[in-house]
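Visitor: I would like to go through this model with you and ask, for each term, what justifies using it.

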Amino acid sequence: MEGEKTPIHPHPTLLPCLPADRHQGRGRNKWKDFHMKGNMEEQLIQKIHQRKALIGIIGMGYVGLPLVLRFCEEDFRVLGFDVDSKKVVTLKRGRSYLKSIPSSRISQFIRSDHFDVTNDFSRLGKPDCILICVPTPLTEKMEPDLQYIEKTTEAILQNLRKGQLIVLESTTYPGTTEEMVLPRLESSGLKVGKDFYLAFSPEREDPGNKRFTTHQIPKVVAGVTPSCQKVVTALYSRIIQKIVPVSSPRVAELTKLLENIYRSVNIALVNELKMLTDRMGIDIWEVIEAASTKPFGFSPFYPGPGMGGHCIPIDPYYLSWKAREYDFTTRFIFLAGEINVHVPYYVVAKIQDALNARGKSIKGAKILILGVAYKKDVDDARESPALSIMNLLQKKGAVILYHDPYIPSLPSFRKYSFRLNSSPLTEQLLRRIDAAVVVTDHSIDYQRIVKLAPLVIDTRNVTKNMKQWKKKIVKA
Ligand SMILES: NC(=O)c1ccc[n+]([C@@H]2O[C@H](COP(=O)([O-])OP(=O)(O)OC[C@H]3O[C@@H](n4cnc5c(N)ncnc54)[C@H](O)[C@@H]3O)[C@@H](O)[C@H]2O)c1
């Protein structure tokens, strides 16, 4: 990290930037300030263009880590920050803890000195550009939990220096950047657009998606001032093919929420229709497949066991909360949430009915959950509907086992804690259980499972072409 030793901008403690100094010098240094501003902006843009800018990324998770790699690929040096010292040590050893990122990609950039990582936040004065990728969960009362952004902003504030660009990437409600982050950073006495740059740019990472890589996914950016917009555009256009500038951080913040609300509402719609078509004796999957042949005006969404992940079940509530400030109730968001939360109960009722039809009670039944991750071929079980289904089944006295090739053991979650390890799919196991429930459609051999298991509850249509075993398959 050669550049760290020779920072172009002196540390703030060495600069005359206290509010009192600025007041005294305001008239006298007007032109000097104007030129400095121009120079500073140009200097930073030039540093970015020449790939000499040091990039700081806070939060080495599903969003932060792919960004690290993308900047390193483009020959930038990156300093990663995380409060989790286990992650810091793992990365320093050149190892990955995310299935979607092979260790070789981390070790390659650690060895070439492109990537370093730390839990020492006093080093936040070093990077020229700082991207914030920390969690934005909900509190118990389903309200935005901004403690991670707050702590991060405080750490940046302690080390903020002239000429730095700060970008918030975490998903949040419209107004967070300008109402929360900006005043805190300006309490340093430094002025946005003049002394430092601030922007919001939402992450669109889709873990496990092999069709789109980070650099192919267009990036929405919004600076707090025109200067901020110029600098942030310069930064992301180095690593992303298409930049989409919008007029304000609030627009960018709401853009991300709209994307997730759109998914939440449409998933709720097909989930509701699935419950109706079940009563009507119509296969919803066949209906969606047919509707999808319409070349315009229809985008398919698919039903499932309920909604999961750390974005779609959570992010819409960030907007609902903010809407209250405007005496507004976001009815679509609540209705979608209500329906999606209900789906695991529907799935459990279908399991119960299927067992009942075979003369079995749910109490004491051995039920194998296939897939606990919130979506196909990822190793992330946060907010997964599998957890809710397992909890409901356990409450009814079922004996739960699970198999997930990506999650060898279940950690503790926000609401649930199961002490379970993934069971290997042996023939003995599949013959011994009372039912297998396909919750996540991981790429595994379903033919074999359906052949061996006595009963299969399918929430993902993986058994679509298995007509020969129709009698032991129940769609749910
Ligand atoms: N994962 C996705 O697919 C995805 C997609 C788009 C947007 N987002 C949004 O991006 C943000 C980050 O999500 P994620 O999935 O990467 O979360 P994550 O939990 O995978 O990673 C967050 C990381 O931040 C670290 N952290 C927590 N507090 C910190 C602090 N004060 N300082 C430094 N590090 C801290 C955690 O240890 C963790 O390593 C969230 O707002 C999320 O909604 C996520």
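**The ligand and the two sheets**

Guide: A polar backbone atom of E205 lies 3.5 Å from an oxygen atom of the ligand. This is a predicted model, in which local features need pLDDT of at least 70 and side-chain atom pairs pLDDT 80 or more, while totals for chains, interfaces and linings use all residues. Residues are numbered from 1 along each chain as its sequence is written, and side-chain values use heavy atoms, with hydrogens and water left out.

Visitor: What makes the approach of T136 to the ligand a polar contact?

Guide: A polar contact is a pair of N or O atoms within 3.5 Å; within protein, one must be able to donate a hydrogen and the other to accept it, and residues adjacent in sequence count only if both atoms are side-chain atoms. A polar side-chain atom of T136 is 2.5 Å from an oxygen atom of the ligand, so the pair meets the distance limit of 3.5 Å.

Visitor: How much of the ligand's accessible area does the protein cover?

Guide: On its own the ligand has 820 Å² of accessible area, of which the protein covers 92%, with areas taken from the Shrake-Rupley method with a 1.4 Å probe.

Visitor: Which residues come nearest to the ligand?

Guide: There are 26 residues around the ligand, and V63, D82, K87, T136 and H310 come nearest; a residue is near if one of its heavy atoms lies within 4 Å.

Visitor: Why are strand 3 and strand 8 said to stand at the edges?

Guide: The open sheet has 8 strands in the order 3-2-1-4-5-6-7-8, with mixed pairing. Strand 3 (115–118) and strand 8 (243–245) each have a single partner strand, so one side of each is left without a neighbour in the sheet. Strands are DSSP runs (E, at least two residues), as helices are (H or I, at least four), numbered from the N terminus.

Visitor: What makes strand 2 and strand 3 a pair?

Guide: Two strands pair if DSSP finds at least two bridges between them. Strand 2 (residues 77–81) and strand 3 share 4 bridges in the parallel sense, so the requirement of at least two is met. One bridge partner is D116 in strand 3, which belongs to L79.

Visitor: Where are the edges of the sheet of 5 strands?

Guide: That open sheet follows the order 10-9-11-12-13, with parallel pairing. Strand 10 (399–403) and strand 13 (473–475) each have a single partner strand, so one side of each lacks a neighbour in the sheet. Strand 12 (residues 456–458) pairs with strand 13 over 3 bridges, and the bridge partner of D458 in strand 13 is K475.
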